[in-house]
Amino acid sequence: MVLRQCRTILSISVFLLLVLLVSVAGAQTLAEKVREHTFDNGLKLLLVERHASPTFAAYITIGVGSVHETSETRGVAHLLEHMLFKGTKTLGTTDFKREQPLLEAIERAGEKLDALRVRQDADPAQLAALREELNALQQQHQQFVVKDEFSRIYAENGGSGYNAFTSKDLTTYLISLPANKLELWATIESDRMKNAVLREFFTERDVIQEERRRSYDSNPSGLLYENLLATAFTVHPYRNPIIGWHPDIENLSLVETRDFLTKYYAPVNTVIALVGDLDFEQAVAMVGRYFGAIPPGTPVPQVVAEEPPQRGEKRVQVEFEAEPSLSIAYHKPTLPEREDYVFDLIDMILGQGRTSRLYQSLVVEKQLAATVSTSGAPGSRYSNLFVISAAPRHPHTVAEVEQAIYDELARLASEPVDAEELITSRNRLATDRLRFLKDNGGLARMLTYYQTIAGDWRYLIDYDQEVAGITAEEVMAVARTYFSPENRTVATLSKKGG
């Protein structure tokens, strides 16, 4: 039995060594293949030539997200994600010269309405008149609007996966195109950066209000997550939802939104990654031709608010007509701290997949929970959270599931992870990352992400080696340090009176 176990560990160790050799070799190749160029205006270009297929993936990441908003601008980064699909002075319009005066009239009417709406002595008749005036102007404006022109042009030229997303830390626009469409991409995206027009602002603001109602107010998981963050963070802006609170969205002004766009959505805060069938020198020349003369903009300021150490367990209960669930969050450091690597391994051990400890214990063996998972949240630029989420299986309760989770955390803190489980978890981390890096879009995304968040894309190269060096003792030490009652926040969701 002992001999068989030793052979198993040995074979796994050999497999790990092979994985690590492949990983390190891949990292070295990546280090050689990633070529970079920084333009005079601060724009950074990262490019990897891959000639397996005549396509390329393009990711544009601006290092500005909801964490950079103030109390006056909460929700603006998400709003701008929507607005930057609306077009420019040349795209999305039938005639910008004729459209512009109407846009100015809409802005004046919208500002008047917003100013009057917040007054307690507002005259209802005057409010109704202003709403009617704004609606009439917006209806008149529709004659100049060309819907979804970016999407149409990209689709007609073989584009796929055209999308965008806003996070706490950054904003990204992405597309995959045939290799001979690089100039088309550069034309469209540089025009978006230089000449964005915030058309349909007030109607889009209403759309986002509805999105908030759908994704948070009437969504049990969204509501629980939002309350978890707002409770776990007291000072740091990670506590605020990316979409903003209802009053934030309602009171965002076009002036504030335009100012935020002009300052930060600019070359000095932007990283472009191009991965695919491209030539580096030609790409540098092309990007320089279209983006090089754009003013650099204002560097995004560091968030100076620092979350104080938590001094006791926090709890929040959310009442909603849905099945009960809970989320438990522990404060933790972020990259490049050593503990962040350890938490990646803990995440794999505890909550990733059907072989994870929490799934096996709570779902399979004890049958206490219907679902259980772990994740890091809500961002990575600043110290963040390790979150465990679960839903009890009837007739078991949230309290039973919560205690079972604590039992597993205590086990992790007191018993060394055995060699086989540690190796398997490392291998899965390495394999998942390598699988992601094989795809052009996956590599482009990770290059822009780590260049923006870590300050250097080379974080990718050392990652597997760092994880490979994590010991069972380190896992225990981190679990003992961070999985303490005074460091946790518990959010539960239950039906009223439940």
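The expected span of a helix is 1.5 Å times one less than its number of residues.

**Figure 1. Here is helix α14, a helix whose span can be checked by hand**. This view, like those that follow, comes from a predicted model. Helix α14 covers residues 398–414, and its 17 residues should therefore span 24 Å at 1.5 Å a residue. The end C-alpha atoms of α14 are indeed 24 Å apart, which agrees with that expectation. Look along the helix for its buried residues: Val398, Val401, Glu402, Ala404, Ile405, Tyr406, Glu408, Leu409, Leu412 and Ala413.

**Figure 2. Six strands make an open sheet with mixed pairing**. Reading across this sheet, the order is β1-β2-β6-β3-β5-β4. At the edges sit β1 (35–38) and β4 (160–166), each of which pairs on one side only. From one strand to the next, the twist averages 15°.

**Figure 3. Strand β5 meets β3 in the antiparallel sense**, **and β4 and β5 also run antiparallel**. Between β3 (residues 55–62) and β5 (residues 171–178) there are 8 bridges, with Ile62 opposite Thr171 of β5. The pairing of β4 with β5 rests on 5 bridges. Thr171 turns up here too, as the bridge partner of Thr166. Follow the chain from β4 to β5 and you trace a hairpin with 4 residues between the two strands.

**Figure 4. Helices α6 and α16 both make contact with strands of the sheet**. Helix α6 (residues 182–195) packs on the sheet and touches β3, β4, β5 and β6 (270–276). The direction of α6 makes about 15° with that of β3. Helix α16 (residues 440–453) lies across β2 (44–49), β3, β4 and β6. Relative to β6, helix α16 runs at about 155°.

**Figure 5. Helix α11 has a buried side** **and exposed residues on the other side**. This helix (residues 280–291) has 12 residues and reaches 16 Å from its first C-alpha to its last, close to the 16 Å expected at 1.5 Å a residue. Its buried residues are Phe280, Ala283, Val284, Met286, Val287 and Phe291. Why do they lie on the same side of α11? They cover an arc of only 165° around the axis, which puts them there. Their packing partners are β1, β2, α6 and β6. Turn to the other side of α11 and you will find Gln282 and Arg289 exposed. The N-terminal end of α11 is capped by Asp279, with a side-chain oxygen 3.2 Å from the backbone nitrogen of Glu281.

**Figure 6. Lys44 is a buried residue** **in strand β2**. The relative accessible area of Lys44 is 15%, and buried means under 20%. Leaving aside residues up to four places away in sequence, Lys44 touches Glu36, His37, Thr38, Thr270, Val271, Ile272 and Gln451.

**Figure 7. Arg205 of helix α7** **makes a polar contact with Asp114**. Helix α7 covers residues 201–217. Is Arg205 buried or exposed? Arg205 is buried, because its relative accessible area is 8%, where the cut-off is under 20%. The side chains of Arg205 and Asp114 are joined by a polar contact of 2.9 Å. A polar atom of the Arg205 side chain also lies 2.7 Å from the backbone oxygen of Leu252. Not counting residues up to four places away in sequence, the residues that Arg205 touches are Asp114, Arg117, Ile249, Glu250, Asn251 and Leu252.

**Figure 8. Glu149 belongs to helix α5**. Helix α5 covers residues 149–156. Glu149 counts as buried because its relative accessibility is 13%. With residues up to four places away in sequence set aside, Glu149 touches Leu91, Gly92 and Thr93. For a sense of scale, its C-alpha is separated by 27 Å from that of Ala109, 40 residues apart along the chain.

**Figure 9. Val478 belongs to helix α18**. Helix α18 covers residues 472–482, and Val478 counts as buried at 8% relative accessibility. Try the C-alpha atoms of Val478 and Asp340: they are 138 residues apart along the chain and separated by 9.7 Å. Again not counting residues up to four places away in sequence, Val478 touches Glu339, Val342, Phe343, Ile346 and Phe483.

Terms used
Residues numbered from 1 in each chain as written. Predicted model: local features only at pLDDT ≥ 70, side-chain atom pairs only at ≥ 80, totals over all residues. Heavy atoms only, no water. Pairing = 2+ DSSP bridges. Axes fitted to C-alpha atoms, helices over the stretch in contact; angles between N-to-C directions. Contact = heavy atoms within 4.5 Å. Buried < 20%, exposed > 50% of the residue type's maximum accessible area, 1.4 Å probe, protein only. Arc of directions from axis to C-beta. Polar contact = N/O pair within 3.5 Å; in protein donor to acceptor, adjacent residues only side chain to side chain.
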